[in-house]
Amino acid sequence: MYIVGIGPGELGYLSQKAFCVLRSCEVIIGYRAYVKLLGDLVQGKEVIASSMGKELVRAETAIEQALSGRKVALISSGDSGIYGMAGVVLEIVEKRSINLDLEIIPGIPAFCAAASSLGAPIMNDFALISLSDILTPWEIIERRLTYACQGDFVIVLYNPKSKKRTWQISKTQALLLKYRSGQTPVGIVRNAKRGKEKVILTTLDRMLDYSIDMLTTIIVGNSSTSLSDRYMVTPRGYKIRVDAKDRLPEEFAYSLKKC
Ligand code: SAH
């Protein structure tokens, strides 16, 4: 059995390894919207697709299918080890002492896809926090947000808002504003690296002016993140000279002459 991270969505971002594994499997199991992203890759295979929130059922079905001797791929968007299917499968396998030949294939997570569309906002230490309080109590999420602010981490927000969970994102903005300036750069990316991508560069003060949903990743800068009309960049600390556009650094000039 394989647990496959399929990346953000566009098939060009699926790894070669994931591609080969998916091609070789007889059964593909996953959340309906993610199976759809695979397009023709699932042709001729048995597809077991289910709705959101059915993670336990998907994991159990995949394990059953694999134990019956079939070659199974259970898919996750992004990477399966980041709020994905890998954890739940391993928990079941460990708790029930199931002996299964299992391999986890990593994928490009949404936060990397989103960051690359915004510029380079995660060039320094960061905290990735899901605002979903379905499996994690809100008090814990709030505590994590607070510590991430105090540590001046760049903060990536997943699961920011759904049809049912609407207040969490406003509470988060209010909490962040206690620690960070309203001018702090914020990047909002919907459908990163899949069809209909939408990229917004804005500030902490104004982030709620834009539509945010479950297909959105939000990246909040730290105290040194900068914003232009093109890019959001968090510096690592290099000293960049602005007056040296035409001059090569000494060591490059030397090696060029030698060539
Ligand atoms: N396993 C995934 C995360 C699943 S949690 C990963 O490795 O990235 C689901 C959340 O991820 C969504 O609510 C959204 O915040 C984010 N997300 C997933 N795909 C995305 C995409 N293509 N564009 C923007 N955000 C995305």
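Buried here means under 20% relative accessible area. By that cut-off, helix α4 (residues 85-95) has six named buried positions to show: Met 85, Ala 86, Val 88, Val 89, Ile 92 and Val 93. The model is a predicted one.

**Helix α4 and its surroundings**

Several elements cover the buried residues of α4. Among them are the strands β1 (2-5), β4 (72-76) and β5 (103-105). Helix α3 (55-67) is another part of that cover. Just after α4, the backbone at Ser 97 takes a positive phi of about 50 degrees.

**The whole protein**

The protein has 259 residues, and buried residues make up 43% of them. Its secondary structure comprises eight helices and 13 strands. Taken along the principal axes, the C-alpha atoms fill a box of roughly 65 × 55 × 35 Å. Contacts often span long stretches of sequence: among those between residues at least 6 apart, 69% join residues at least 24 apart.

**Two domains and their interface**

The domain assignment gives domain 1 (2-108) and domain 2 (111-233). Helix α4, at residues 85-95, falls within the bounds of domain 1, 2-108. The centres of the two domains, taken over C-alpha atoms, are separated by 28 Å. Nine residues from domain 1 and ten residues from domain 2 take part in the contact.

Together, domain 1 and domain 2 bury about 770 Å² between them. Carbon and sulfur atoms carry 68% of that area. On the domain 1 side, Pro 8, Ile 82 and Tyr 83 supply 56% of the area buried against domain 2. No other three residues supply more.

What polar links cross this interface? Four residue pairs are in polar contact, both residues at pLDDT 80 or more. The side of domain 1 that touches domain 2 divides into seven nonpolar residues, one polar and one charged. Salt bridges across the interface number zero.

**Salt bridges**

The structure holds seven salt bridges. Three of them are set out here.

| Salt bridge | Closest N and O atoms |
|---|---|
| Arg 58 with Glu 55 | 3.7 Å |
| Arg 96 with Glu 60 | 2.7 Å |
| Asp 243 with Arg 241 | 3.5 Å |

The first pair stays inside one helix. Arg 58 and Glu 55 both lie in α3, three residues apart, about one turn of the helix. Is Arg 58 buried or exposed? Arg 58 counts as buried because its relative accessibility is 4%, under the 20% cut-off. Its partner Glu 55 has a relative accessible area of 32%, so Glu 55 is partly exposed.

The pair of Arg 96 and Glu 60 links distant parts of the chain, 36 residues apart. Arg 96 sits in the loop between α4 and β5, while Glu 60 belongs to helix α3. Arg 96 counts as partly exposed because its relative accessibility is 49%, and exposed would need over 50%. Glu 60, at 30%, also counts as partly exposed.

The pair of Asp 243 and Arg 241 has a plainer setting. Asp 243 is exposed, and Arg 241 is exposed too.

**Drawing it together**

Helix α3 recurs in this account. It helps cover the buried residues of α4. It holds both Arg 58 and Glu 55. It also carries Glu 60, the partner of Arg 96 in the loop between α4 and β5.

Terms used:
Residues are numbered from 1 along each chain as its sequence is written. This is a predicted model: local features need pLDDT of at least 70, side-chain atom pairs count only at pLDDT 80 or more; totals for chains, interfaces and linings use all residues. Side-chain values use heavy atoms; hydrogens and water are left out. Buried means under 20% relative accessible area, exposed over 50%, partly exposed in between (1.4 Å probe, protein chains only). Helices (H or I, at least four residues) and strands (E, at least two) are DSSP runs, numbered from the N terminus. Contact means heavy atoms within 4.5 Å. Domain bounds come from an automatic or database domain assignment. Buried area is the accessible area (1.4 Å probe) that two parts lose on being put together, summed over both. A salt bridge is a side-chain nitrogen of Lys or Arg within 4 Å of a carboxyl oxygen of Asp or Glu. A polar contact is a pair of N or O atoms within 3.5 Å; within protein, one must be able to donate a hydrogen and the other to accept it, and residues adjacent in sequence count only if both atoms are side-chain atoms. Ala, Val, Leu, Ile, Met, Phe, Trp, Tyr, Cys and Pro count as nonpolar, Asp, Glu, Lys and Arg as charged, and the others, Gly among them, as polar.
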